[in-house]
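Q: Please take a close look at the aromatic ring pairs in this structure, and set them beside the nonpolar core and the surface.

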Amino acid sequence: MADKSTPEEIGARLRRLRGDRSLAEFSAELGCSKAEYIGYETGRSEIPVSLLIALFEYGKIDPAWVLTGQSVGSPAEAASIAGTIYSAVLKAAERAGVTLSPAALIYAIQSGWTDVSRGRGIDDVKADILVKLATMGGKGLQ
């Protein structure tokens with residue numbers, strides 16, 4: 001998942017997913033407010049992990065496609081990879097005594113994607129490094 005997309009490009013993909021549904025209808029289906037969703041779709045707000053999960057649960061939308069415009073395999077594969085990294089990074093953040101911002105969490109997931117998608121897994125040391133990089137990468141803490 002080396003390719004990075006701008007918030008505007010991510011927003012354009014979200015707009016494409018919404019189709020003909022109204023902002024109010026689609027945001028309610030995803031469990032967020034209309035105002036929050038408008039921020040994601042316009043690129044003014046970074047998409048949180050919770051919305052990626054909601055999109056996957058709602059329509060089996062590949063989180064990698066939402067974030068990069070490229071699919072990495074089946075939606076189940078992508079969800080499994082994202083879930084593995086998410087879990088390891090949250091545990092590492094807990095060990096470090098930090099709470100990652102949504103942007104930092106997405107950065108960590110993107111940064112760990114290649115190793116996990118190639119079957120190399122993510123141990124505590126890698127997860128700790130991802131948390132450190134995410135907090136140093138300008139993505140910040142919450």
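A: **The aromatic cluster and its surroundings**

Phenylalanine 26 has a relative accessibility of 1% and therefore counts as buried; buried means under 20% relative accessible area, exposed over 50%, and partly exposed in between, with a 1.4 Å probe and protein chains only. The model is a predicted one, in which local features need pLDDT of at least 70 and side-chain atom pairs count only at pLDDT 80 or more, while totals for chains, interfaces and linings use all residues. Residues are numbered from 1 along each chain as its sequence is written, and side-chain values use heavy atoms, with hydrogens and water left out.

Two aromatic pairs are counted, under a rule that pairs rings of Phe, Tyr and Trp (its six-membered ring) if their centres lie within 6.5 Å, with planes under 30 degrees apart stacked, over 60 edge-to-face and the rest tilted. The ring centres of phenylalanine 26 and tyrosine 37 are 5.5 Å apart and the planes stand at 85°, so this pair is edge-to-face. Because phenylalanine 26 lies in helix 2 and tyrosine 37 in helix 3, the pair ties together parts 11 residues apart in sequence. Helices here are DSSP runs of H or I with at least four residues, numbered from the N terminus. Tyrosine 37, at 0% relative accessibility, is buried.

Phenylalanine 26 also pairs with tyrosine 58: the centres are 5.7 Å apart and the planes at 85°, so that pair is edge-to-face. It links distant parts of the chain, as phenylalanine 26 in helix 2 and tyrosine 58 in helix 4 are 32 residues apart. Tyrosine 58 is partly exposed, at 37% relative accessibility. Ring pairs thus link Phe26, Tyr37 and Tyr58 into a cluster.

Turning to the core, the largest nonpolar core has 39 residues, and among those touching the most other members are Leu14, Val66 and Trp113. Such a core is a set of buried Ala, Val, Leu, Ile, Met, Phe, Trp, Tyr and Cys residues joined through side-chain atoms within 4.5 Å. Helix 2 (23–30), helix 3 (34–42) and helix 4 (49–59) are among the helices that each supply at least two residues of this core, and helix 6 gives the largest share, eight residues. Beyond neighbours within four places in sequence, the contacts of valine 66 (heavy atoms within 4.5 Å) include Ile10, Leu14, Ile47 and Leu55.

On the surface, leucine 133 lies in helix 8 and is partly exposed, with a relative accessible area of 39%.
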